[in-house]
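Below are some notes on the chain you sent round. Please read them with the model open.

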Amino acid sequence: MNDILAKILETKKAEVATARQMRSESDVLREAKSRKDLRGFARAIEEKIARAKPGVIAEIKKASPSKGVIREHFNPVDIATSYAAHGAACLSVLTDVQFFQGSYDYLRQARAACPLPVLRKDFIIDPYQIVHARALGADCVLLIVAALTAGQLKEFEDVATELDMDVLVEVHDRKELDVALQLKTPLLGINNRNLRTFDTSLKNTLDLLDDIPEGKRVITESGISTPQDVATMREHGVHAFLIGETFMRAPDPGVALQELFA
């Protein structure tokens, strides 16, 4: 699993180049701007937390590079409906095909099946992907500091903002946090999984909390699997969570969500 991120980013460059050849950015931008159905991703999280409930971004993910296929019987519509019925604030849908067995159609299907806002979970390396995300129906995009320069992060945030989308910026360590804090977005994801080795530790989130200013909404990502994990985070003032694998392995993902946060 040596440096999975580098392999993914190389593949992504080729994918974007192919996509541009198949359909121009101006054409995709017209479709993106024609959509009038934004749902307010950040707002949905804040509304949950304002009611003393967790702001859960529930993930729809079939597989991962480190674990292989996570959910054999995979139906995005059923999963999205279950999440919505059991307290999720938002959805996160994997659209990466080669490494996570995701699909653009999974995002479309999940969003159509319920009223929840949706994050396009992918490795964004080009503005084209952000415009395409809105054309697909995404309400939010993920920007990974480990994958982008400070200049790209600012540029990509501006592209998303012009489309009225929310941005979730993701960090793994203090150095990346310093870069992320230069962005305007309030949504700050701290990934407990090292994207280069895929090792996981909740200490990642806890160690960075003292360096995060007010006005940022911390979202802890990866490795939350027990009620004790949830309790630990909430005791430290972290009330937003992005969780995938724990739910994906359960018979009914929405019921698993409800039980984890009961």
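**Notes on the predicted model**

1. Buried residues account for 55% of the 262 residues in the chain. The coordinates are those of a predicted model, and the points below should be read with that in mind.

2. In secondary structure, the chain has twelve helices and ten strands. Its radius of gyration is 17 Å, close to the 18 Å that the globule rule gives for 262 residues, so the chain is as compact as a globular protein of that length. The C-alpha trace spans about 50 × 40 × 35 Å along the principal axes.

3. On contact order: taking contacts between residues at least 6 apart in sequence, 69% join residues at least 24 apart.

4. On the surface: the chain exposes about 11400 Å², and carbon and sulfur atoms supply 50% of that area. There are 34 positive and 38 negative charges. The mean positions of the two sets are 3 Å apart.

5. On the interior: the largest nonpolar core has 92 residues. Those with the most contacts inside this core are Ile45, Ile60, Tyr83, Leu91, Phe247 and Phe261. Helix H6, residues 127-136, gives the most to this core, with six residues.

6. Which residues does Phe261 contact, leaving aside its neighbours within four places in sequence? They are Pro54, Val56, Val230, Phe241, Ile243 and Phe247. One of these, Phe247, is itself listed with Phe261 among the residues with the most contacts inside the largest nonpolar core.

7. Backbone, Ala52: phi is near 65 degrees, a positive value in a residue other than glycine. Ala52 lies in the loop between helix H3 (41-50) and strand S1 (55-60). Is Ala52 buried or exposed? Its relative accessible area is 62%, and exposed means over 50%, so Ala52 counts as exposed.

8. Backbone, Ser222: here too phi is positive in a residue other than glycine, with a value near 75 degrees. The residue sits in the loop between strand S9 (217-221) and helix H10 (227-235). Ser222 has a relative accessible area of 14%, and the limit for buried is under 20%, so Ser222 counts as buried.

9. For anyone checking the two loops by eye: Ala52 is exposed, whereas Ser222 is buried. Both carry a positive phi, near 65 degrees for Ala52 and near 75 degrees for Ser222.

Methods
Residues numbered from 1 in each chain as written. Predicted model: local features only at pLDDT ≥ 70, side-chain atom pairs only at ≥ 80, totals over all residues. Heavy atoms only, no water. Helix = DSSP H or I, 4+ residues; strand = E, 2+ residues; numbered from the N terminus. Rg over C-alpha atoms; globule rule 2.2 N^0.38 Å. Buried < 20%, exposed > 50% of the residue type's maximum accessible area, 1.4 Å probe, protein only. Contact = heavy atoms within 4.5 Å. Areas by Shrake-Rupley, 256 points an atom, 1.4 Å probe, with all protein chains shown as cover. Lys, Arg positive; Asp, Glu negative; His and termini not counted. Charge placed at Lys NZ, Arg CZ, Asp CG, Glu CD. Core = buried A, V, L, I, M, F, W, Y, C linked by side-chain atoms within 4.5 Å.
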